[in-house]
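Reader: Please take a close look at the salt bridges of this model, and set out with care how each term is defined.

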Amino acid sequence: MSPLSEIRKYLESAAQSSLDDIYAIDPQSLTLMTVLVDGAEAPVAEHPVENLLLALKEPKVREFLEAVPREQVMLDISHELHELNRYLGEFRLLMVGRVSGQVLLVMRDTHAFSRHLLHVLNEGANLTALISNAPGVVYQAHMSRDGVMGFVYLSDACKPLLGEDAEVLVANPDIFLSLINEEDKAAYEKNVSESAHNLSVLNWTGRFWMQAWQDTKWINLRASPRKMPDNTVVWEGIMTNITQSRREQQAIRQSHEKLARLSAQLAQIKEKERLRIAQEVHDDLGGNLTAIRLGLSSIIKRLGPEQETLLSKAKQLEAIVDDTFEAAHRIASDLRPNVLELGIVAALEWQAAQFVEKIGIPCEFVCHQPELTVSTDHAITLFRICQEAMSNIAKYAKASYVKVTLAASADEIVMQVVDDGIGIAPVDRLKNNAFGISGMAERAVALAGQCKVHAGKQGGTIVTVTLPVQPVNIATALK
């Protein structure tokens, strides 16, 4: 049988797969409501999806689905569910809000290209003409029983995409491997091996070096495998050039990173402004209040018993000055805690004690190094992140125990804030008002570090902050 006949045979079988269609599922009862095939409603009974429903019924997945905000009109939850269940990585999942309730849409368009080709073929078009005009290289690959990979067929778009004639790559598949960037080659071989072993869809993206053009292309390979009677594996699929979209993604990511650094720099500027205001409150306002109090004390001493009314008013003013002095001291301490002057170990220990005193939840601080010498920026960042984490615990966690640990090596400083509360759901990170979590991350990014917030295996929430020992100049990093 010719390669084109093989491809047509594959297209005919692939186009009949129910997994290519769209499923509407009730996220509460996890029952299949509607099946759409090529945009038209189809009988539910003819589309069994037991494996999909079993994956959705896993406790962590179900918990996530129940926590998706109902006010969202439409939310792509694919990435979060892929993390919770590997099987769901085959699909794209959208939660759609309606007046009557939410609907979970599950879709996988692996064979959409196949159905499109067959649809046009049934209109009388020629398969060869279609493939030659496809948006990429249509190909058929073969892996022998001993794991040797080669091409059986490559469409005419091979030369414009890969810079080599199809006949050359069919005759010598090693040339194809030589085009792949060395850093991406291991991932390619791993993906091909897993696809062959599990008969799962091959979906891999990597960089190809085009010697003739002295340029790098990002190319996506997407193909479906079939096991042949002789136990070899055959793939049919398409290679597409995604260089433009990948570069746009990289530009967006770099823009986001720069914005994060800018936000972090603003946080550092804010801390410096806080320090300046705290010093002015302490020095100027505190000094003036002290002078007023001393003056009042002197006046009180000079007033005799016969001046009882004036004496009473003077003492009232003295009490007001004392209250104002305490308020100024509290404001200055909130702006820049004096305990930071004693070092980060003492500051975090004090913060844990304050948490116990004010919130009433036991909090243990552990640091096996009695003294840690860190920069001022490091100390402020660790202190503020710990402060925010404890504030979140007090507001949301319903915890009965909190543990703060601090450790340092020659290269990095690590702080963890762990509680035994209800934990953080993945959907909580999607909320529009999750400023506390993003603020903690931005503070860490400012020092070229990272802050991760995730649920613990035994429940509760874990906040992990990792900072490099050497300080980083954010202004330089922004350039």
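Author: What follows begins with the salt bridges and then turns to a few other side chains.

This is a predicted model, in which local features need pLDDT of at least 70 and side-chain atom pairs count only at pLDDT 80 or more, while totals for chains, interfaces and linings use all residues. Residues are numbered from 1 along each chain as its sequence is written, and side-chain values use heavy atoms, with hydrogens and water left out.

Side chains of opposite charge can pair when their charged atoms come close. With a salt bridge taken as a side-chain nitrogen of Lys or Arg within 4 Å of a carboxyl oxygen of Asp or Glu, the count comes to nine salt bridges. One of them is between the side chains of Glu-183 and Arg-207, with an N to O distance of 3.1 Å. Glu-183 lies in helix α10 (residues 182–198) and Arg-207 in strand β9 (residues 202–210), so this pair ties together parts that are 24 residues apart in sequence; helices (H or I, at least four residues) and strands (E, at least two) are DSSP runs, numbered from the N terminus.

Arg-207 also forms a salt bridge with Asp-184, where the closest N and O atoms are 2.9 Å apart. Because Asp-184 lies in helix α10 and Arg-207 in strand β9, that pair ties together parts 23 residues apart in sequence. As for accessibility, buried means under 20% relative accessible area, exposed over 50%, and partly exposed in between (1.4 Å probe, protein chains only). Glu-183 is exposed, at a relative accessible area of 64%, whereas Asp-184 and Arg-207 are both buried.

In helix α11, Glu-273 and Arg-276 lie three residues apart, about one turn of the helix, and their side chains meet in a salt bridge at 2.3 Å, N to O. Glu-273 is partly exposed, with a relative accessible area of 36%, and Arg-276 counts as partly exposed at 36% as well. Salt bridges that share partners, by contrast, join Glu-183, Asp-184 and Arg-207 into one network.

A further charged residue, Arg-226, is placed in strand β10 (residues 215–227) and is buried, with a relative accessible area of 16%. The side chain of Arg-226 makes a polar contact with the side chain of Glu-236 at 2.5 Å, a polar contact being a pair of N or O atoms within 3.5 Å where, within protein, one must be able to donate a hydrogen and the other to accept it, and residues adjacent in sequence count only if both atoms are side-chain atoms.
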